[in-house]
Amino acid sequence: MSATTNRRPLFLTIYSCLVFAFIYLPILVLVIYSFNRDGVGGFPPRHFTFDWYRQLTTDSALWNSVLNSLYVAAGAVFVSLTLGLLAALALDRADFPGKALFRRLVLLPLILPGIITGLSLLMFAVAAGLGRGLTAVFFGHGTALISVATTEIFAGLQKLDRRQEEASLDLGATPWRTFWLVTLPNLRLSLIAAGLLIFTLSMDEIAVTFFLIGSDNTLPQEIWGRLRRGITPEINAISTLILLVSIILITIWYRLRTRTQKSSL
Amino acid sequence: MYSRLYKLAISLPPLFWVTLFLLVPYALMFAHSFWVTQDGVILHNWSFHQYKELLSQPLYATVFFRTMRVAASVTLLSLLLGYPLAYFLSFHAGPRKELLYQLVIVPLWVSYLVRGYAWKTILGTDGVLNGALQYLHITHEPVSALLYSPFAVILMLTHIYTPFVFLPIYASLEHIPRPLLEASSDLGASPRSTFLRVILPLSMPGLLAGATFAFVLTLGDFLAPLLVGGSSSTMIANVVQSLFGAAYDWPLGAAISVFILFITVGLLFFTEHLEKRWTFQ
Amino acid sequence: MSAAASTWSNPSLLEIRAVSKRFGEKEVLKTLSLNVAQGEFLTLLGESGSGKTTLLRLIAGFEQPTAGELWMSGQRLDTLPPHKRRVNTVFQQYALFPHLNVSENVAYGLRANNTPKSQIAERVQQALAMVRMSEYAVAKPTKLSGGQQQRIALARALVNRPQLLLLDEPLSALDANLRKEMQGELKSLQREVGITFLFVTHDQEEAMALSDRIALLKDGALEQIATPREIYAHPATAYTAQFIGQTNLLRATVRANIADCGEFKFPTNSPDGPALFSLRPEKIFAASGTPSYPDSTRFFADIRQQFYGGSTELLELLCSDGQVVRARINAAGPLSGRHEFFFFAQDAIPVKP
């Protein structure tokens, strides 16, 4: 029986509650004011309304930007999952000169401020004659998010029992067949989880996008543009919807992740 | 057990992609920083001109040191909020641990923009906080110092990075074998000295990882100053962003970016080294 | 005895020719040669790190030898990839595919080898019947007990009719009782299917109970290969004597066909000089009231400790010259003090150090 694990210190409990409040209060305020008839300022919020959400339904510029974001995110998920899977496999089971450098390079966008990745890709896009636009954004997201895919899938690979693959080869399946019949099915949950995460991150991404965007806006860029024109409860409504979708996706991701951890035991 | 062909098949595509879309662009940025512009055209004349420019203009130093101060403040505040929270969840949360953990994780991935915007609506002159203060008769006029100040930037970024800092700390606390704590108290250590002499050292890798994350990402942030900071809190990345925008001086912008990149990578190596020192296996 | 003897004098199925394996600096197998006879149950026995699992993985094809060759049925084996070898493995933790059910697991190898669909169903059924698991055909392997998983792993391997079955400590994950039961099943299964079994274990009792022959490995080299009875009765080295069963090692000096070991002096055929003898504890007898046999060595010793073991008990004896030896005698009730013991000279087996 340890003193440190059983007594619940009052001060620490209160402090933790305050930290939770700090994390959640701004988000809560944002949601509440999306239902406030009298706009974003003013206290307390008085008249409940769905007007701001109703206005969104006819906002074609907004929905165009949502479509653009979906297009970019779908592409980014495909590219970064495919390459992230291969990169994770390579880091796990291949040896080649420069492997340590390769690992660092792949994971760098995870920690590097988005502006660096965004700008260097901008210079590349211009030099390659691609120019700014959704295609450049797609390449940017697809590349930067390989880091997320690689870490997620690599973690899944560490839980994969190598003997499963050996058993498959042992039973006469070719390496190619073993990959499809054993390796991939075992990584299924990791792949779905990584995909969800990448999708969410790509939908929300702004720092890299900022430098690569052309005339077609992604959703965050559209919001960013509107913010410069002033605060309206409409933005609260959009943000609330984004929040809702993010929370749903993240919760599914979290469930999948804990399931992979449990099934590995 | 894997054949040569298999190893080539898994290594070559990501190697090719990463070289083309990461290594080449970074190299291109590096190259730009040695070039110059003349009448809005980039000339490929190799020189240290941009770096000399950086060192000679005191404005850059001012902005740089402000950025460092903001980054240090955000890191410290995120640690002050994140560590106790992680400690509480790991050791005292009881059966609700899983749920609480999930509650911290969710905002981690929730849109940066959405959270930044929330602060803008709270801190503004017509904002929620001023409204509340006046409603409660604490103030009689809107306090305008809340928004558009380094304070607002620090507040917003602390809000964003606290869950980031929490995550690795929580992971390292969870990895501490519980019998160690029992052994410590069994050997007569008070909870305080158990914390200082067992828990804190063993959670150091997580703490360092979290701190690095908050520091480096704040260092390269340009959106928070634009959103809630105003001109008094311009940071180094804002300078880069304007050089790539209206000012159109890519080589100088690239030189500052290379500078940020080097600080980042240097810091990563440094903390990685420290983390190794604090890892006991 | 004669059945076992005839089995291992069969022609060789697998020939391991001077195989070495290095992992970086570490030499795990040192120029090891070994023949596995057609139809035998051969056990690779050794401590962890002795190289037995590495040898198995070389045969299965998961690792490549650094030097040497493997031949099976007159064909080079080590150049083939694992999926082209007519060798199947029962893995330590079974390695059943968690995303496939029992019959899909068993059918895996047949599907991989493009066996006609009509045959697959039939052979899977036969294989499941053979291990008495027919009723679990659609269960997921994670829902099965350890013993059941073990049977499925056997069925999954045997359904492919391999020339050689490799078993990597297949019983080590089971608890003691189930383990004994599975040992019996394994042995009768091997007789039934007539497939050559190459079994890896670190458990010498298991090796003794199951095998036609035991190959004892030490530090990546072959220490001794023989039938269980032979290896127990005539261990070639001190290591073998100590690893398989318990023994007393007597350090003696031989002069003119007499081994001199302090308290004990006994006749021997060993050449003059220092020598080492293995004397099993059950070959030391209590002398109380028995007549003196002509070729026996008698000695007095104090009983220092007594370990009761049901039908027998193990005595730890302190001889007057300070040597400690162990004797296993029939249970005789609590003993103490000084007693007389004896052994026969032919039971002291000369071993290499």
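Chain B and chain A share one salt bridge in this predicted model. Its partners are the side chains of Glu272(B) and Arg104(A), at 2.9 Å, N to O. Eleven residue pairs make polar contacts across the interface of chain B and chain A, with both residues at pLDDT 80 or more. Helix H1 of chain B, residues 4–32, gives the most to the side of chain B that touches chain A: 20 residues. That side of chain B divides into 66 nonpolar, 18 polar and eight charged residues.

The contact draws 92 residues from chain B and 95 residues from chain A. Trp17(B), Trp109(B) and Tyr117(B) supply 9% of the area that chain B buries against chain A, more than any other three residues.

Chain A also meets chain C. Here 18 residues of chain A face 25 residues of chain C in the contact. Arg163(A), Asp170(A) and Leu171(A) supply 38% of the area that chain A buries against chain C, and no other three residues supply more. The rule finds one salt bridge across the interface of chain A and chain C. Arg57(C) and Glu166(A) form a salt bridge through their side chains, at 2.6 Å, N to O. Helix H9 (162–170) and helix H10 (175–204) of chain A each supply at least two residues of the side that touches chain C. This side of chain A holds eight nonpolar, six polar and four charged residues.

The buried areas and polar contacts of the two interfaces are set out below.

| Interface | Buried area | Share on carbon and sulfur | Residue pairs in polar contact |
|---|---|---|---|
| Chain B and chain A | about 8,600 Å² | 80% | eleven pairs |
| Chain A and chain C | about 1,800 Å² | 55% | ten pairs |

Now the sheet of chain C. It is open and has six strands, in the order E6-E7-E8-E3-E9-E10, with mixed pairing. Strand E6 (87–90) and strand E10 (221–226) of chain C are the edges; each has a single partner strand, so one side of each lacks a neighbour in the sheet. From one strand to the next, the twist averages 20°.

Strand E3 (residues 41–45) and strand E8 (residues 196–201) of chain C run parallel and are joined by five bridges. Thr43(C) stands opposite Phe199(C) in E8(C).

Helix H5 of chain C, residues 146–158, lies across E6, strand E7 (164–168) and E8 of chain C. Helix H5 runs at about 175° to E6(C).

Technical notes:
Residues are numbered from 1 along each chain as its sequence is written. Chains are lettered from A and ligands numbered from 1 in the order in which they are written. This is a predicted model: local features need pLDDT of at least 70, side-chain atom pairs count only at pLDDT 80 or more; totals for chains, interfaces and linings use all residues. Side-chain values use heavy atoms; hydrogens and water are left out. Contact means heavy atoms within 4.5 Å. Buried area is the accessible area (1.4 Å probe) that two parts lose on being put together, summed over both. A salt bridge is a side-chain nitrogen of Lys or Arg within 4 Å of a carboxyl oxygen of Asp or Glu. A polar contact is a pair of N or O atoms within 3.5 Å; within protein, one must be able to donate a hydrogen and the other to accept it, and residues adjacent in sequence count only if both atoms are side-chain atoms. Helices (H or I, at least four residues) and strands (E, at least two) are DSSP runs, numbered from the N terminus. Ala, Val, Leu, Ile, Met, Phe, Trp, Tyr, Cys and Pro count as nonpolar, Asp, Glu, Lys and Arg as charged, and the others, Gly among them, as polar. Two strands pair if DSSP finds at least two bridges between them. Axes are lines fitted to C-alpha atoms, for helices over the stretch in contact, and angles run from 0 to 180 degrees between N-to-C directions.
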